[in-house]
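Biologist: Please choose one part of this model and look at it closely with me, side chains and neighbours included. Then carry on from there to the surroundings, at a pace that suits a first-year student.

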Amino acid sequence: MSNQEKRQPAPEPSAPSNHKIRVGIVGCGEVTQIMHWPTLFQLADRFEVTALCDVSPLVLEELGRLWNINSLATNHRELVTRQDVDAVLIANPNAFHAEVVLDAIAAGKHVLVEKPMCVTHREANQIIAAEKNSNVMVQVGYMRRYAPAFLEACEVVRKMGEIRFARVRDFIGFNSLVVNATSRVIRDEQLSESVKKEAKLREEISLDEALGGRATPALRRAYTLMLGLSSHDLSAMRELLGMPSKVLFAAQRSAGLYLTATFDYGAYVCQFETGIDHIARFDAHLEVYSDEQVVRVQYDTPYVRNSPIRLLTMETNGQGGVSNRTSHPVWGDPFVEEWKAFYENVTKNKVPKTNPTDFAQDLELFTEMARLIG
């Protein structure tokens, strides 16, 4: 289903196109505080945050005071059933995503869910079915795919000669290396042990279902990396190149913190490589090679807002040399572009390109990679 196809008109309380969409936020950690809240504040002509939900009363109280929001809840069901909430941002731990998405759909709310949408195929199928039988829309938070430089790259790749090779690379330092140096995040250092244990248990149950109870700790960590950082990479790869016909090879090393895989595209392969270390940098790109041109999308850390995402092209100049071009199409942040797209999808009844069925393709790749890793 294309982004231009229309779904049936959404029920109330979805906001009409000339009004703000009222957003309730489930999960108020660093991604919400550093990326989503400033974005929604920037887009105040389109959105208004009306309610917050988090397992930490301390975080809720502090953010409610700082952001001037009075509707605070520790149970997501209280938030998704509020009459002053039209749409729900879901940014709590991964293992809880599916439950909150399904409850939000049942309550008639549109959803922007941070990646991953869910952990298992069963959850994905439930969400796809629930959205299909509703009048609301679910958009998965793959903000890299909304960046202007990435969209420009898609156009360039569509027009380039026969592709010979492609690479997807993402080596970064632990997020804390950047976050602690650049942001203030409200955290609850005294969060109850029972809450932590529940989150850990839910994660373990989800991974058991996705991988089987005999999966090694390294495979579980590798799959968690796929659901997190790698989902951005492979989702963008699919939009840029299409869905590969198969996974030829996959392996993990360093207890699941480093992954590599080879995807079969028939006339060429795409090599994927990723890892997390202790170097405070962000080395992430997609690169496509033809006989006469190389196209690269270069990403920077999302934890410093408005960091440039660039398109770099190198091609033969017809004189025995090469020409290089760097494009930074516009200043801005991909989270802003993602939320702008969400607004248009809600108000114009469009199907997001990053929809639940689209996300299910990433789960297919993750499952096959995990099988090959073994």
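Modeller: Let's start with strand S4, residues 87–90, where the side chains take turns: Ala 87 and Leu 89 point one way, while Val 88 and Ile 90 point the other way. In a regular strand, side chains alternate between the two faces of the sheet. Here all four of these residues are buried (under 20% relative accessible area with a 1.4 Å probe and protein chains only; over 50% is exposed, and partly exposed lies in between). The names come from DSSP runs, numbered from the N terminus: a strand (E) has at least two residues and a helix (H or I) at least four.

Keep in mind that this is a predicted model, in which local features need pLDDT of at least 70 and side-chain atom pairs count only at pLDDT 80 or more, while totals for chains, interfaces and linings use all residues. Residues are numbered from 1 along each chain as its sequence is written, and side-chain values use heavy atoms, leaving out hydrogens and water.

Who are the partners of S4? Strand S1 (residues 21–26) runs parallel to S4 and is joined to it by 4 bridges; two strands pair if DSSP finds at least two bridges between them. In this pairing, Ile 25 sits opposite Leu 89. S4 also pairs with strand S5 (residues 110–114), again in the parallel sense and over 4 bridges. There, Ala 87 faces His 110 of S5.

Now move along to an open sheet of 8 strands, which follow the order S8-S9-S10-S7-S11-S12-S13-S14 with mixed pairing. Its edges are strand S8 (246–253) and strand S14 (322–327), each pairing on one side only. From one strand to the next the twist averages 10°, using axes fitted as lines to C-alpha atoms, with angles from 0 to 180 degrees between N-to-C directions. Inside this sheet, strand S9 (residues 258–264) and strand S10 (residues 269–277) are antiparallel partners, with 7 bridges between them. If you follow them across, you find Ala 261 opposite Phe 272 in S10.

S10 also takes us to the cysteines, since its range, 269–277, takes in Cys 270. How many disulfides are there? The count is 0, where a disulfide is a pair of cysteine sulfur atoms within 2.5 Å. Cys 154 is in no disulfide, and the nearest cysteine sulfur, that of Cys 270, is 13 Å away. From the other side, Cys 270 has its closest cysteine sulfur in Cys 154, and 13 Å is too far for a bond. Both residues are buried: Cys 154 has a relative accessible area of 3%, and Cys 270 has 0%.

Another strand of the sheet, S7 (163–173), helps to line the second largest cavity, and so does helix H7 (175–182); each supplies at least two residues. A cavity here is a set of points on a 1 Å grid over the protein atoms alone where a 1.4 Å probe fits but cannot get out, and lining residues have an atom within 4 Å of a point. H7 gives the largest share, 3 residues. Among the lining residues are Ile 172, Gly 173, Phe 174, Leu 177, Arg 281 and Tyr 303.

For a contrast, turn to Glu 203 in helix H8 (residues 193–211). Its relative accessibility is 29%, so Glu 203 counts as partly exposed. Glu 203 and Ser 254 lie 51 residues apart in sequence, and their C-alpha atoms are 21 Å apart in space.

Terms used
On a 1 Å grid over the protein atoms alone, a cavity is a set of points where a 1.4 Å probe fits but cannot get out, and a pocket is an open set with protein on both sides within 12 Å along at least five of seven lines; lining residues have an atom within 4 Å of a point.
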